[in-house]
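User: Please take a close look at one part of this structure and then connect that part to the rest.

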Amino acid sequence: MWWFQQGLSVLPVALVVWSAASFLLSYITATVLHHVDPLVPYISDTGTIPPERCLFGIMLNVSTFLGVATMYVRYKQVGALIPENSRILRLNRIGLSLGWMSCFGLCIIANFQKCILYYIHVLGACLTFGVGAVYMLLQTILSFLMQPHIHGKGIFWARLAVLLWSSCSICSMFVSSVLLYSGLYGPDLVQKLHWDPQERGYTPHLISTISEWSLAFSFLSFFLTYIRDFQKVSLGAVVTLQGQAVPTVSPPGWGPEEQGLLFAGSV
């Protein structure tokens, strides 16, 4: 059995691989068609013009579903490992709510392009990265509280390092973006997809785009730390029959063997 086949580790692996592929495929398509500059455009700019906009939206919607599933499994895992600690359970519930808000923001980014509905797109980015950073903080705190009996110290330090990486990227992106769109470098920069290195504002633009790519991959790196935890998690279903018992009358032509299979729940 391969390492990604153990337990539910395929969930965070699929989330990271699929999301990274959505960014890279949209970037390759946009640059090949000369819709954006090859040197570090905004991730959102690579999903603005068809056909890459269609690819970007579909793939990020799938990433949203994978993110929701991954965060829910993490929530159930923490609740099952420490069911008696009320403080950890409360942080766990808050973390799930914030994580799903972040996933909803990713869905907004996928379906509302920057050049068309800028403020809604920015709202989605704030939910994805801002609320998502708080989710990462809570998960790092949970990792600290759960060591050394549940989590090893290595997992905590790895998540803390990724959290610091994302925090630095957020600060860098925020400062450079505010400076870039403050009006000092001209109007309508939101619609601008091609930049000349000699233009005013090119340096803060480049810092902002590099910070955005760094931030996106720091988020993906955080979910890589779930792989070892998810290798110990399995998924099952429990069927409960509500109401009256199943009638014993079987359709004409059914023998005892078929009737027994029905009551046994076999498919």
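User: Take residues 118–145. How far apart are the end C-alpha atoms, and how much of the span is helix?

Analyst: The model is predicted. In residues 118–145, the end C-alpha atoms lie 40 Å apart. The span is 100% helix and 0% strand. These residues form α4.

Now check the length. α4 has 28 residues. At 1.5 Å a residue, 40 Å is expected from the first C-alpha to the last, and α4 comes close to that. Yet α4 also has a bend, of about 25 degrees, at Gly132.

Next, the record. UniProt, in an unreviewed entry, gives residues 118–145 the feature "transmembrane region". The entry places this feature at 54–73, 94–112, 157–185 and 205–227 as well. Take residues 54–73 from that list. In the model, residues 54–73 are 100% helix and 0% strand, with end C-alpha atoms 29 Å apart.

Now look at packing. The largest nonpolar core has 46 residues. Phe23, Leu60, Tyr135, Met136 and Phe223 touch the most other members. α4 is one of the elements that give two or more residues to this core. The others are α1 (10–32), α2 (52–81), α3 (86–111), α5 (153–180) and α6 (202–224). α3 gives the largest share, nine residues.

Follow one core residue outward. Leu60 contacts Ser22, Phe23, Leu106, Ile109 and Ala110, leaving aside neighbours within four places in sequence. Another core lies apart from the largest one. This other core has five residues, including Tyr42, Leu180, Leu189 and Trp195.

α5 is a partner of α4. The buried residues of α5 pack against α2, α4, α6 and α7 (227–230). Among those buried residues are Ile155, Phe156, Arg159, Val162, Leu163 and Ser166. Further along α5, Ser169, Met173, Ser176, Ser177 and Leu180 are buried too. α5 has 28 residues, so at 1.5 Å a residue it should span 40 Å; its end C-alpha atoms are 40 Å apart, which agrees.

Finally, step back to the whole chain. There are eight helices and zero strands. Buried residues make up 43% of the 267 residues. Take contacts between residues at least 6 apart in sequence: 72% of them join residues at least 24 apart. The accessible surface comes to about 14700 Å², and carbon and sulfur atoms hold 70% of that surface.

Conventions. Residues are numbered from 1 along each chain as its sequence is written. This is a predicted model: local features need pLDDT of at least 70, side-chain atom pairs count only at pLDDT 80 or more; totals for chains, interfaces and linings use all residues. Side-chain values use heavy atoms; hydrogens and water are left out. A nonpolar core is a set of buried Ala, Val, Leu, Ile, Met, Phe, Trp, Tyr and Cys residues joined through side-chain atoms within 4.5 Å. Buried means under 20% relative accessible area, exposed over 50%, partly exposed in between (1.4 Å probe, protein chains only). Helices (H or I, at least four residues) and strands (E, at least two) are DSSP runs, numbered from the N terminus. Contact means heavy atoms within 4.5 Å. The expected span of a helix is 1.5 Å times one less than its number of residues. The bend at a residue is the angle between axes fitted to the seven residues ending there and the seven starting there. UniProt positions are given in the numbering used here, feature names are shortened, and annotations may be inferred rather than shown by experiment. Accessible areas come from the Shrake-Rupley method with a 1.4 Å probe; for residues, only the protein chains shown count as cover.
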